[in-house]
Amino acid sequence: TIKSRRLRNENKLLKRRISQKRNRFGMICDTPVMRTLFNTIEKIAEVSCSAILTGESGTGKELVARTLHYLSPRADKPFVPVNCGAIPDELMESELFGHRKGSFTGAVADKPGLFQAADGGTLFLDEVADLPLHMQVKLLRVIQEKELFRVGSSTPVPVDIRIISATNKDLDSMIEKGLFRKDLYFRVGVIKVQVPSLNERRGDIMPLAKHFLIEFSNKFGKGFTGISANAENALITYNWTGHVRELKNLIERGVLLGKGPILEVEDL
């Protein structure tokens with residue numbers, strides 16, 4: 001119908017405008033603070049030294065880590081993300097370093113760990129501040145010696161990986177309290193990169209919102225083509241405590257509940 005063709009054309013126009021806001025990393029950014037971030041990424045992507053990404057939860061630290069990996073000489077090797085806060089303490093050594101058959105109850109076969117899965121590539125340690133102290137010691141040794149021992153084995157396994165870590169916590173404060181090893185901090189944080197909050201890059205809010213609008217409109221078969229002026233004002237002036245992740249969730253819910261074709265402020 002004429003109406004459906006018009007909606008498709010408006011959707012294509014919105015996609016074209018969003019693509020113009022993307023940088024060469026495929027990420028949406030049109031603010032000075034983000035251009036500074038990507039200048040830093042370009043400088044450090046080529047080297048294999050460790051880096052630590054700091055910033056509040058939901059700012060996109062894993063996306064930055066993936067960009068660093070795919071711009072590096074290791075791009076054709078694995079990128080392995082690990083959420084350090086999601087692995088139980090008693091399983092962490094086995095998950096990271098692997099284990100030998102019979103080394104503990106339930107170890108029915110040899111298993112390589114995530115470090116070996118990332119060999120030649122990049123291991124992304126998200127929420128690195130959640131590593132317990134005994135694992136911090138073991139991690140430090142692996143970084144220094146470039147080899148690991150599987151649980152239940154005395155045979156060293158060489159590994160060649162770049163480690164990129166991320167945290168939303170104050171590591172300096174944790175070091176003072178004895179919760180994070182200072183020597184490990186220097187090893188994982190040769191280069192430190194601050195990922196800005198969404199409130200620091202308000203010029204990116206609407207390009208991001210429109211990108212998510214297209215994504216979820218297509219995913220759920222909705223005919224959304226734009227965002228009303230009132231809704232835009234609400235998005236731009238809102239205090240984003242969950243940052244890009246919160247914005248994405250908000251637009252997804254709005255698309256699901258809204259009638260369209262324009263996302264209204266009441267949909268949010």
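**Exercise 1. Find the partners of strand β1 in this predicted model. With which strands does β1 pair, in which sense, and over how many bridges?**

Solution.
- Step 1. Start at β1, which spans residues 51-54, and look across to β8, residues 162-167. The two run parallel and share four bridges.
- Step 2. Check one register point. Ile52 has Ser165 as its bridge partner in β8.
- Step 3. Turn to strand β9, residues 191-194. Its pairing with β1 is also parallel, again over four bridges.
- Step 4. Check a register point here too. Leu53 sits opposite Val193 of β9.

**Exercise 2. Place β1 in its sheet. What is the strand order, and which strands stand at the edges?**

Solution.
- Step 1. Write down the order: β2-β5-β8-β1-β9. That is an open sheet of five strands with parallel pairing.
- Step 2. Look for strands with a single partner. These are β2 (79-83) and β9, so each has one side without a neighbour in the sheet.
- Step 3. Add the twist. On average, neighbouring strands are turned by 20 degrees against each other, direction ignored.

**Exercise 3. Locate the salt bridge of Lys111. Which residue is its partner, and which elements does the pair link?**

Solution.
- Step 1. Recall the principle. Side chains of opposite charge can pair when their charged atoms come close.
- Step 2. Apply the cut-off: a side-chain nitrogen of Lys or Arg must lie within 4 Å of a carboxyl oxygen of Asp or Glu. Lys111 and Glu95 pass, with their closest N and O atoms 2.9 Å apart.
- Step 3. Assign the elements. Lys111 belongs to strand β4 (residues 111-112) and Glu95 to helix α4 (residues 89-97). The two residues are 16 apart, so the pair links distant parts of the chain.
- Step 4. Judge exposure. Lys111 is partly exposed at 29% relative accessibility. Glu95 is partly exposed too, at 27%.

**Exercise 4. Compare two further salt bridges, Lys169 with Asp130 and Arg181 with Asp183. Where do Lys169 and Asp130 lie?**

Solution.
- Step 1. Take Lys169 and Asp130. Their side chains meet at 2.7 Å, N to O.
- Step 2. Find the loops. Lys169 lies between β8 and α7 (171-176), whereas Asp130 lies between β5 (122-126) and α6 (133-145). The pair therefore ties together parts 39 residues apart in sequence.
- Step 3. Read the accessibility. Lys169 is partly exposed at 39%, and Asp130 is partly exposed at 29%.
- Step 4. Take Arg181 and Asp183. The closest N and O atoms are 2.7 Å apart. Arg181 is partly exposed at 30%, as is Asp183 at 31%.
- Step 5. Set these pairs in context. The whole structure holds nine salt bridges.

**Exercise 5. Classify Ser94. Is Ser94 buried or exposed, and which residues does Ser94 touch beyond four places in sequence?**

Solution.
- Step 1. Place the residue. Ser94 is in helix α4.
- Step 2. Compare with the cut-off: buried means under 20% relative accessible area. Ser94 has 7%, so Ser94 counts as buried.
- Step 3. List the contacts, leaving out residues up to four places away in sequence. Ser94 touches His99, Phe104, Gly113 and Val151.

Definitions and conventions: Residues are numbered from 1 along each chain as its sequence is written. This is a predicted model: local features need pLDDT of at least 70, side-chain atom pairs count only at pLDDT 80 or more; totals for chains, interfaces and linings use all residues. Side-chain values use heavy atoms; hydrogens and water are left out. Two strands pair if DSSP finds at least two bridges between them. Buried means under 20% relative accessible area, exposed over 50%, partly exposed in between (1.4 Å probe, protein chains only). Axes are lines fitted to C-alpha atoms, for helices over the stretch in contact, and angles run from 0 to 180 degrees between N-to-C directions. Contact means heavy atoms within 4.5 Å.
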